[in-house]
Amino acid sequence: MATGLFYSCSEDFLEIPPEDSLSQTIFFETQEDFAQAINATYAPLRNLQNVGVGGAYAMGEMRSDNTHYKYNPNYRAVQAGENVADFLVNDANFYVENKYDNNYLIIARANQILSLIDEVEFDDAAVKDNVKGQAQFLRALAYFDLVQYFGQVPLHLTPVINREEAALPLSTTDEIFGQIVSDVEDAISLLPSKSEQEAGRATRGSAQMLLANLYIVQENWSSAETVLSSLITSGEYDLLGDYADVFDLSNKNSIESIFEVQFLEGTEGFASSFMYEWLPMPLTAEQVAEITGVPNSQAANEEGFNIPTPDIMGSYEDGDLRESVSIDSIEVEGTFYPYINKFWQPHSNPGLTGVNMPIYRYSEALLFYAEVLNESGQTGAAEPYLNQVRNRAGLASVTGLSQAEMRQAILDERRVELAFENKRWLDLVRTGNAQSVMSAYGQRVQANPQDYYYPNGIGPAPAAYGNISELFPIPASETLLNPNF
């Protein structure tokens, strides 16, 4: 469907055109210009995941009871990450600012495309539809991320051409949700199916999954059921045979993948590096090599983030095959420290891997469908969808659960199936469990700091977990420049 414009998942897809070539009057003149522009619209998704730039894991996992940091008293340039985990974040936090900024960078690039594409003649109308659908999906995805983490934010739908247009008032969450629905419904009508789309790009199924996710956040169960039923019966998706297969480099964009952030190993600037920030630092070069498999690894002397907590390790049932895939450990000075294992894949150079980050997988679609059926009073009908995920993990089927028991079983299953894929904090918030779960978690951390990777004599700040905010503050870099708030 995209012949002559798109290419296989390669550097052509990942390439970002020069910023000085993005003038609306100069750049957006041909079909090929829009091909480069849509590639550039995907690029900030990598920034949201990677070391030193993104806030996805800090805000999605470390904010929750899934992961914590390994406190290093000899390296104190890490308070921004610690403060996200400890509910001490302020509006100048590095991770929060970068999540906000990169989502708006996606939005700005999508707005440029959508404002001009109908003025340009394409060789193939289907290619134009494909580009428009991707732009609308990516804009919707960025706004969905923003509204879930920040609540009310400015709603930019056209390119900003002067300072006044850059300073919009806050839109209500209902207004933002309404725009997301509009964008995603258009994307569903424009995008090809997975089997007809270039690997790694947004598809009709990607847009359906995003729309279902939004409906679930809104507790619009009937609409979510309709969308998910269409996705599941499309024949485009299925579970891979083993959980470990999902993260194997040979299975990028596999039949289980609904949408994932694309990375490419190498020195061209498209590599993933987030796993390196998740090491239980400090580590010697030999210890780093033991984990990464890269012989020329360097010592890691900073602070380890996204370290699995005793809580997540205790949440796996006996015999769950996902535990050993997801978590491993290394001995450091006589103590075994866990680390996230499932994203480590073979690579040649330290800090430069080709591992993608899943955004939506088919297993989540099954768990979402089980959830909407259960919340619609169809608890028995929900069981087969939950059990498909459990059975692949080597666990027995559940049966005869009450609605409340099924609700908890699905939340528990999401925790281990989607561990470290930046889902846990949002799950706690949308299900109304954030306050109770994280208050109890904070009490455990403060009572047993050594269990949560603090050295002897050191514990979390006294104010930690004292004010569990479900939303993050809009960054100071935005509020100081916007007179509307």
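# Cavities, core and contacts

Reader: Which residues lie nearest the centre of the largest cavity?

Author: A lining of 26 residues surrounds the largest cavity. Keep in mind that this is a predicted model. From that lining, the residues nearest the centre are Asp145, Ile359, Asn422, Lys423 and Leu426.

Reader: What is the volume of the largest cavity?

Author: The structure holds four cavities of 30 Å³ or more. For the largest cavity, the volume is about 410 Å³.

Reader: Which element gives the largest share of the lining of the largest cavity?

Author: Several elements supply at least two residues each, among them α3 (31-49), α6 (94-116) and α16 (362-375). Others are β8 (357-361) and α19 (424-430). The largest share is six residues, and the element behind it is α7.

Reader: How many residues of that lining are charged?

Author: Go class by class. The lining of the largest cavity has 13 nonpolar residues and five polar ones. The count of charged residues is eight.

Reader: Ile359 was named at the centre of the largest cavity. Is Ile359 buried or exposed?

Author: Ile359 lies in strand β8. Its relative accessible area is 17%. Buried means under 20%. Because 17% falls under that cut-off, Ile359 is buried.

Reader: What separates the C-alpha atoms of Ile359 and Lys423?

Author: Along the chain, Ile359 and Lys423 are 64 residues apart. Yet Ile359 touches Lys423, as well as others including Gln49, Leu141 and Phe259. The separation of the two C-alpha atoms is 9.1 Å.

Reader: Why does Gln148 count as buried?

Author: Gln148 lies in helix α7. Leaving aside neighbours within four places in sequence, Gln148 is in contact with Val217, Leu426 and Leu471. The cut-off for buried is under 20% relative accessible area. Gln148 counts as buried because its value is 16%.

Reader: Which residues lie nearest the centre of the second largest cavity?

Author: The second largest cavity holds about 140 Å³ of space. β4 (257-261) and β8 each give at least two residues to its lining. Of the 16 lining residues, six are nonpolar, five polar and five charged. Nearest the centre are Val246, Phe247, Glu260, Asn356 and Pro358.

Reader: Now the largest pocket. Which element gives the most to its lining?

Author: The largest pocket has about 500 Å³ of space. Its lining has 21 residues, and Tyr104, His156, Val160, Ala166 and Glu478 are the closest to the centre. α6, α8 (163-166) and α21 (476-479) each give two or more residues. With seven residues, the element that gives the most is α6.

Reader: How many residues of the pocket lining are nonpolar?

Author: Take the other classes of the largest pocket's lining before this one. Seven residues are polar and three are charged. The nonpolar count is 11.

Reader: Which residues touch the most other members of the largest nonpolar core?

Author: The largest nonpolar core has 143 residues. Its largest share, 14 residues, comes from α7. The members that touch the most others are Phe137, Ile180 and Phe343.

Reader: Which residues does Phe343 contact, leaving aside neighbours within four places in sequence?

Author: Read the list along the chain. It begins with Phe247, Phe274, Met275 and Trp278. The rest of Phe343's contacts are Val355, Asn356, Met357, Pro358, Phe420 and Glu421.

Reader: Which residue takes a positive phi in the hairpin of β6 and β7?

Author: β6 (residues 327-332) and β7 (residues 335-340) run antiparallel, joined by six bridges. Ile327 stands opposite Ile340 in β7. Two residues sit between the strands. The residue with a positive phi, near 50 degrees, is Glu333.

Reader: Which elements do the buried residues of α13 pack against?

Author: Helix α13 covers residues 285-292. Its buried residues are Gln287, Val288, Ala289, Ile291 and Thr292. Just after the helix, Gly293 takes a positive phi of about 80 degrees. The buried residues of α13 pack against α12 (274-277), β6 and β7.

Reader: What is the accessibility class of Ser229?

Author: Ser229 is found in helix α11 (residues 221-232). Its relative accessible area is 26%. Buried is under 20% and exposed is over 50%. The value lies in between, so Ser229 is partly exposed.

How values were computed:
Residues numbered from 1 in each chain as written. Predicted model: local features only at pLDDT ≥ 70, side-chain atom pairs only at ≥ 80, totals over all residues. Heavy atoms only, no water. 1 Å grid on protein atoms, 1.4 Å probe; cavity = no way out; pocket = protein on both sides within 12 Å on 5 of 7 lines; lining within 4 Å. Points joined across faces, edges and corners; volume = space filled by probe spheres on them. Helix = DSSP H or I, 4+ residues; strand = E, 2+ residues; numbered from the N terminus. Nonpolar A, V, L, I, M, F, W, Y, C, P; charged D, E, K, R; others polar. Pairing = 2+ DSSP bridges. Core = buried A, V, L, I, M, F, W, Y, C linked by side-chain atoms within 4.5 Å. Buried < 20%, exposed > 50% of the residue type's maximum accessible area, 1.4 Å probe, protein only. Contact = heavy atoms within 4.5 Å.
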